[in-house]
Amino acid sequence: MTLDEQKQAAARESLRFLRDGMVVGLGTGSTATYAVRLIGERVRAGLKIRGIPSSIQTQQLAQELGIPLTNFDECQQIDLSIDGADEFDPQLHLIKGGGGAMLREKIVASATEKFVIVADSTKQVAMLGKFPVPVEVIPFAQALVAKEIAALGASVKMRLDKSGNKYVTDEKNHILDCTFGKIPDPVALSAQLKSIPGIVEHGLFVDMADVVLLATDAGVQEIRKPK
Ligand code: 5RP
């Protein structure tokens, strides 16, 4: 299977968690997009759900597909969220935010009863850290925050968009991509990052995922969070 076929296979498998009446968190990124498209097909075939998108991009896609949407003003509890990840470890801790949406993604995940990750075979790691940890920072504080994170031992890069300008998130912030090397204690690093003023959110998702649907050439494997 190509990576794209793996992403599609994982997305297809996630549909079995859907039930009529659910509020569903809609993820962001190429794998989550496959899931959103498939959910759109189910909706057109009669499935009754309401979605809460995790980015403006996903919101636009869901609207095009005719998926009814709701928001946190109307509803503060999500039954199921389906999203991708950049890395997951054996504890199902994640790095997310390669697509720049981790702030809204984490808010959606935090309100979710069952958080399902759809992943191709490149996303599984023994220890997080191959992928940089994206850190969303308010523009006013970016240089100060970059210095503080570098003092923790990371190499820090400002994310740029395709035109070479500073990347701007849905919430009008910037992203610092922070390479720490191996992250043996994501719980501690998550707390350290959260304590720096000017950081709005970061891409370490600690203890949030319930299930990873991992697609490999052998098929799609369901990995549950260890007890
Ligand atoms: C977006 C994300 C994505 O879920 C993550 O980057 C994985 O993306 P893809 O499915 O395209 O590999 O966190 O902010």
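An open sheet of four strands runs in the order E8-E9-E7-E10, and its pairing is antiparallel. The sheet belongs to a predicted model. The domain assignment splits the chain into domain 1 (3-124 + 206-217) and domain 2 (133-202). The points below start with the four-stranded sheet, then take up the domains, strand E6, the cysteines and the chain ends.

**The four-stranded sheet**

- Two strands form the edges: strand E8 (155-158) and strand E10 (199-202). Each of these edge strands pairs on one side only.
- From one strand to the next, the twist averages 30°.
- Strand E7 covers residues 133-137. E7 and E10 run antiparallel and are joined by three bridges.
- Within this part of the sheet, Val137 has Ile199 of E10 opposite to it.

**Helices on the sheet**

- Helix H4 (residues 102-110) packs on the sheet. H4 touches E7, strand E9 (174-179) and E10.
- The direction of H4 makes about 70° with that of E10.
- Helix H5 (residues 142-151) lies across E7, E8, E9 and E10. H5 runs at about 15° to E9.

**Two domains and their contact**

- Domain 1 is written as two stretches, 3-124 and 206-217, while domain 2 is 133-202.
- The centres of domain 1 and domain 2, taken over C-alpha atoms, are 24 Å apart.
- Domain 1 brings 15 residues to the contact, and domain 2 brings 17 residues.
- The size of an interface is often given as the accessible area lost when the parts come together.
- Here, about 1,300 Å² is buried between domain 1 and domain 2. Carbon and sulfur atoms give 63% of that area.
- Which three residues supply 42% of the area that domain 1 buries against domain 2? They are Met102, Leu103 and Lys106, and no other three residues supply more.

**Strand E6 and its partners**

- Strand E6 spans residues 112-120. Seven of its nine residues are buried, so E6 is largely enclosed by the rest of the structure.
- Strand E3 (residues 78-83) runs parallel to E6, and five bridges join the two. One bridge partner pair is Asp83 with Ile117 in E6.
- E6 also pairs with strand E12 (residues 211-216). This pairing is parallel too, over five bridges.
- Val118 stands opposite Leu213, a residue of E12.

**Cysteines**

- How many disulfides does the structure hold? The number is zero.
- Is Cys75 buried or exposed? Its relative accessible area is 11%, and buried means under 20%, so Cys75 is buried.
- Cys178 is buried as well, with a relative accessibility of 0%.

**Where the chain ends lie**

- Met1 sits in the segment before helix H1 (3-14).
- The relative accessible area of Met1 is 45%. That value falls between the 20% and 50% cut-offs, so Met1 counts as partly exposed.
- Met1 and Ala218 are 217 residues apart in sequence. In space, C-alpha to C-alpha, Met1 and Ala218 are 9.1 Å apart.
- Leaving out residues up to four places away in sequence, Met1 touches Gln6, Ala9, Thr216 and Asp217.

Conventions. Residues are numbered from 1 along each chain as its sequence is written. This is a predicted model: local features need pLDDT of at least 70, side-chain atom pairs count only at pLDDT 80 or more; totals for chains, interfaces and linings use all residues. Side-chain values use heavy atoms; hydrogens and water are left out. A disulfide is a pair of cysteine sulfur atoms within 2.5 Å. Buried means under 20% relative accessible area, exposed over 50%, partly exposed in between (1.4 Å probe, protein chains only). Two strands pair if DSSP finds at least two bridges between them. Axes are lines fitted to C-alpha atoms, for helices over the stretch in contact, and angles run from 0 to 180 degrees between N-to-C directions. Contact means heavy atoms within 4.5 Å. Domain bounds come from an automatic or database domain assignment. Buried area is the accessible area (1.4 Å probe) that two parts lose on being put together, summed over both.
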